[in-house]
Amino acid sequence: MGARVAVTAGSAEKLETCRDLGAQITINYRDEDFVARLRDETGGADVIFDIMGASYLDRNIDALATDGQLVIIGMQGGVKGELNIGKLLIKRARVIGTTLRGRPVSGPNSKGEIAAAVTASVWPMIADGRIRPIIGARMPIQQAAEAHRQLEAGKVHGKIVLTLDS
């Protein structure tokens, strides 16, 4: 879609998967300062999608470009963070929080509107193969606990599909 994509991951294997999917800048957050790398490579990110939440709030603001947007879509790193308003003002940046869970099924800004927009703009790319799900593993549903352990240990690249024996 024309974006220059930077990603962070905790292993060389996961970064290789991201490169294979089209990421141009790959950063191992265990070995590198992602803020410094983004600044060196891009001058700062125009948009950051963050699944961590509170624990990365300050660093993500540092990583934004002027007029950048931080879109928080998860809270894996906690729900309470401290925001340096001065950094936000100097960059004219925006922090946006969003989730599907609290949205109504229909009406303005609803799950229905989002589904319709995805169907119109994203689904054609799924249909022609430009976008595809990344399946890291398939396991019988009886192994759901093991699947969770693998996810928590960071051993999976992509999603785990739980299968039903028929």
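Visitor: Which residues line the second largest pocket?
Guide: This is a predicted model, and the second largest pocket in it has a volume of about 210 Å³. By character, its lining divides into three nonpolar, four polar and one charged residue. The lining residues are Ile 72, Ile 73, Gly 74, Met 75, Gly 97, Thr 98, Thr 99 and Arg 101.

Visitor: Is Met 75 buried or exposed?
Guide: Met 75 is one of the residues lining that pocket, and lies in the loop between strand 4 (64–72) and helix 4 (85–91). Leaving aside neighbours within four places in sequence, Met 75 is in contact with Ile 51 and Met 52. Exposed means over 50% relative accessible area. Because the relative accessibility of Met 75 is 58%, Met 75 counts as exposed.

Visitor: How many Å apart in space are Met 75 and Gly 22, C-alpha to C-alpha?
Guide: In sequence, 53 residues separate Met 75 and Gly 22. In space, C-alpha to C-alpha, the distance between Met 75 and Gly 22 is 26 Å.

Visitor: Which elements give two or more residues to the largest nonpolar core?
Guide: The largest nonpolar core has 15 residues, of which Phe 34, Leu 38, Ile 48, Ala 63, Leu 64 and Leu 70 touch the most other members. The elements that give two or more residues to this core are strand 2 (25–28), helix 2 (34–42), strand 3 (45–50), helix 3 (57–63) and strand 4.

Visitor: With which residues is Ala 63 in contact, leaving aside its neighbours within four places in sequence?
Guide: Ala 63 is among the core residues that touch the most other members. Phe 34 and Leu 38, also in that group, are among its contacts. The full set is Phe 34, Val 35, Leu 38, Gly 44, Ala 45, Ile 48 and Lys 91.

Visitor: Within what arc do the buried residues of helix 2 fall?
Guide: In helix 2, Phe 34, Val 35 and Leu 38 are buried. Seen down the helix axis, these buried residues line one face, because they fall within an arc of 100°.

Visitor: What covers the buried residues of helix 2?
Guide: The residues to be covered are Phe 34, Val 35 and Leu 38. What covers them includes strand 1 (6–9), strand 2, strand 3 and helix 3.

Visitor: Is Met 139 buried or exposed?
Guide: Met 139 has its place in strand 6 (residues 135–140). Leaving aside neighbours within four places in sequence, its contacts include Ala 147, Ile 160 and Leu 162. Buried means under 20% relative accessible area. Because its relative accessibility is 6%, Met 139 counts as buried.

Visitor: How many Å apart in space are Met 139 and Thr 163, C-alpha to C-alpha?
Guide: Met 139 is in contact with Thr 163, although the two are 24 residues apart in sequence. Their C-alpha to C-alpha distance is 5.9 Å.

Visitor: What is the value of phi near which Asn 109 lies?
Guide: Most residues other than glycine have a negative phi. Asn 109, in the loop between strand 5 (94–97) and helix 5 (111–121), has a positive value. Phi of Asn 109 is near 55°.

Visitor: What percentage of the residues in the protein is buried?
Guide: The protein has seven helices and seven strands, and its C-alpha atoms fill a box of roughly 60 × 45 × 35 Å along the principal axes. Of the 166 residues in the protein, the buried ones make up 24%.

Conventions: Residues are numbered from 1 along each chain as its sequence is written. This is a predicted model: local features need pLDDT of at least 70, side-chain atom pairs count only at pLDDT 80 or more; totals for chains, interfaces and linings use all residues. Side-chain values use heavy atoms; hydrogens and water are left out. Helices (H or I, at least four residues) and strands (E, at least two) are DSSP runs, numbered from the N terminus. Buried means under 20% relative accessible area, exposed over 50%, partly exposed in between (1.4 Å probe, protein chains only). Contact means heavy atoms within 4.5 Å. On a 1 Å grid over the protein atoms alone, a cavity is a set of points where a 1.4 Å probe fits but cannot get out, and a pocket is an open set with protein on both sides within 12 Å along at least five of seven lines; lining residues have an atom within 4 Å of a point. Grid points are joined across faces, edges and corners, and a volume is the space filled by probe spheres set on the points. Ala, Val, Leu, Ile, Met, Phe, Trp, Tyr, Cys and Pro count as nonpolar, Asp, Glu, Lys and Arg as charged, and the others, Gly among them, as polar. A nonpolar core is a set of buried Ala, Val, Leu, Ile, Met, Phe, Trp, Tyr and Cys residues joined through side-chain atoms within 4.5 Å. The arc is that of the directions from the helix axis to the C-beta atoms.
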